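Open the model in your viewer and keep the selection panel handy. We will go stop by stop, with something to pick at each one.

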Amino acid sequence: MSIGLTHYLVLAAILFSFGIFGILTRKNAVLVLMGLELVLNSANINFIAFAKFGGLNIQGHVAAIFVIILAAAEVAVALAIVLNIYQNYRHINVDEIDKLKE
Amino acid sequence: MPQLDIFLENLKISVGMFIPEFILTATFILAILFDLIFKKSRNISGYVTLLGFIVTGIFLYLQVGTNYRAFADLLVIDDFGSFFKFLILITSFLIVLMSLLSKELYSEHRKLGEYYSMIAGMTFGMFLLCGASNLIMIYLAIETMSISSYILAGYTKEVKRASEASLKYVIYGAISSGIMIFGISLIFGLTGHLNLFEINKFFATNDVDIFALGISSLMIVAGFGYKISAVPFHFWTPDVYEGAPVTITAYLSVASKAAGFAVLLRFLKVTFIDSIPGYDSIWTTLSGIDWNFVIAVLSVLTMTLGNLVAVWQTNMKRLLAYSSIAHAGYLLMGVAVLNDTGAASVLIYFLVYMLMNLGAFYIVMLISNKIGSEDIEDYNGLGYRAPVLGVCMTLFLISLTGLPPTAGFIGKLFVFSAVINAGYLWLAVIGVLNSVVSLYYYVKIFKNMYLKDVESQKPALEYSAPAIILLMVFAIPTLVFGIFYGPIVSWANNSVHIFLGN
């Protein structure tokens, strides 16, 4: 059995679901950000798989590179915010940061 | 070689069309540089930013009337985009003026160079979003504006509420943009293109699997819905609005919503609407998704939840947050009808919403400058302690409810008439019922200001002349546009044609 487009898409879907699951269940802010990386990279797998197997143009590869760069920028800002949270609260447990009422 | 020639020609013209964005980039850099050079003056980068916005506005004005697909279809320059760019630019300008008067930002000897340059950076991102016609460009522009706004929301970083707000904002924002990029990758797989015009051509000639298309385009709309705080994606709004500095709350509630609506309208129109010339004012949908129904359901959920929850709020910023969710619902009604009248009503409503909402937040900021509180209970007797503010607040609240003779009435009138003309009577009825609910919580503020603590012994609140002049900049147009609404209506009608590239 050769590996085809479907395998990549299923892998991406599984990664996406794991990412969302991680974001929803983790308490540590850094682990939430790691879940986010899974979500973004699942989109990357989709882009590259479609570009390779669909016989499509270069756009898929370009898109993946942009997503990688933006993920880095976003996580840099997010980590700075988490650091600031740590300075104010002395912990980064997302569930206990609830001064603003729900 | 002719291909290369065409490409270079396009690039040359595109760079000329990109001047407003270039100036914003220069403003971004100069604001930081001036802050570093003139260490003594804390306002200098604010003045640089104001100047940059004025120059941007001049070049933006020179662009009005052109229709061009710039940078190989990455961006479209058209009057629809220009309208929203003007709206965003005016909002940014007023927000910088408000920030110069804010006590909250200037406490703790904070450096404000980065604050003003981040506002310029966010404006840049929103400008790109207004013109983006490529899915990757849309994603990049949303991220550019979001990353700036995460920082701005937590700018007062020693305040616990603000840092919590920025954490919640960054997590929700990152999830929604992650879902959006996954949707984009699926659309790319389905159609083989990222360019909206090419996707439209693909839909016009091919049949697409409706289930996959529905899932992926809903994922993309979720990303936009997050920006405009439509209901299933609104969870961040109250917390972020309450925790962030008032100026940034006002900015998020107007400018980033404007950019979100610009991109939502352009995405729906360019991608899913049959683009045969001559028929494009009717907006026939391709591809089998009932967008009218989807957006109408979003709209009903958004305004109903926004208004019903706002009734229970005791914090002014939180109340205005829910009220801004409700207003997003009214605006979505205009989008749901999917025709040019509906789109024009969205533009009119947005112009009006900008004035009254910024005005209301400005008064919240002025009052919290003096009494250090945003609690509605602390507004007791303020109508007597600060008469000018009381009268103006009443004006903005009447306008937000949508009663004549204010501009808010004109906005609601055009939205509701567009909805009824398109045959969605049930949607209009729900909208009117919601306006009635909104009257209750707006009047509650009025009641606290005028009918409670009437014999107050507390001292009157004094405000400087610049603060009052800026207040008049919001209040007078809110009143005047309620009577002379001709100019805004004709501007909106001229700007409503989204360039389809024919």
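**Stop 1: a buried aspartate.** This is a predicted model, and our tour begins at B:Asp73. Select B:Asp73: its relative accessible area is 14%, under the 20% cut-off, so the residue counts as buried. You will find B:Asp73 in the loop between strand 1 (68–70) and strand 2 (75–77) of chain B. Look at the backbone too, since B:Asp73 has a positive phi of about 70 degrees although it is not a glycine. As background, most residues other than glycine have a negative phi.

**Stop 2: helix 10 and what follows.** Select residues 210–228 of chain B to bring up helix 10. With 19 residues at 1.5 Å a residue, helix 10 should span 27 Å, and the 26 Å between its end C-alpha atoms agrees with that. Colour by accessibility and you will see a mostly covered helix, with 14 of its 19 residues buried. Now step on to B:Ser229, which follows helix 10 and lies in the loop between helix 10 and helix 11 of chain B. B:Ser229 is another non-glycine residue with a positive phi, here about 50 degrees. Is B:Ser229 buried or exposed? Its relative accessibility is 0%, so B:Ser229 counts as buried.

**Stop 3: where the chains meet.** Show both chains and select the contact residues: 43 in chain B and 39 in chain A. Together the two chains bury about 3600 Å², 73% of it on carbon and sulfur atoms. On the chain B side, the elements that give two or more residues are helix 7 (135–153), helix 8 (160–191) and helix 11 (236–243). Which of them gives the largest share? Select helix 8 of chain B, which supplies 22 residues. Coloured by class, the chain B side shows 21 nonpolar, 12 polar and 10 charged residues. How many salt bridges cross the interface? The rule finds zero, while seven residue pairs are in polar contact between the chains, both residues of each pair at pLDDT 80 or more.

**Stop 4: the start of helix 15.** Move to B:Asn339, in the loop between helix 14 and helix 15 of chain B. At 16% relative accessibility, B:Asn339 counts as buried. Show its side chain and follow it to the backbone nitrogen of B:Thr341, reached at 3.3 Å. Then pick B:Asp340, which is found in helix 15. B:Asp340 has 10% relative accessibility and so counts as buried. Add B:His497 to the view: a polar contact of 3.4 Å joins its side chain to that of B:Asp340.

**Stop 5: helix 17 and its surroundings.** Select residues 387–401 of chain B for helix 17. Its 15 residues should span 21 Å at 1.5 Å each, and the end C-alpha atoms are indeed 21 Å apart. Helix 17 is mostly covered, 11 of its 15 residues being buried; among them are B:Leu389, B:Cys392, B:Met393, B:Phe396 and B:Leu400. To see what the buried residues pack against, display helix 14 (316–336), helix 15 (340–371), helix 16 (382–385), helix 18 (407–421), helix 19 (425–450) and helix 20 (465–480) of chain B.

**Last stop: just past helix 17.** Select B:Gly402, which follows helix 17 and has a positive phi near 100 degrees. Continue to B:Pro404 and B:Pro405, joined by a cis peptide bond with omega about 5 degrees. B:Pro405 sits in the loop between helix 17 and helix 18 of chain B. For context, most peptide bonds are trans.

Technical notes:
Residues are numbered from 1 along each chain as its sequence is written. Chains are lettered from A and ligands numbered from 1 in the order in which they are written. Side-chain values use heavy atoms; hydrogens and water are left out. Contact means heavy atoms within 4.5 Å. Buried area is the accessible area (1.4 Å probe) that two parts lose on being put together, summed over both. A salt bridge is a side-chain nitrogen of Lys or Arg within 4 Å of a carboxyl oxygen of Asp or Glu. A polar contact is a pair of N or O atoms within 3.5 Å; within protein, one must be able to donate a hydrogen and the other to accept it, and residues adjacent in sequence count only if both atoms are side-chain atoms. Helices (H or I, at least four residues) and strands (E, at least two) are DSSP runs, numbered from the N terminus. Ala, Val, Leu, Ile, Met, Phe, Trp, Tyr, Cys and Pro count as nonpolar, Asp, Glu, Lys and Arg as charged, and the others, Gly among them, as polar. The expected span of a helix is 1.5 Å times one less than its number of residues. Buried means under 20% relative accessible area, exposed over 50%, partly exposed in between (1.4 Å probe, protein chains only).
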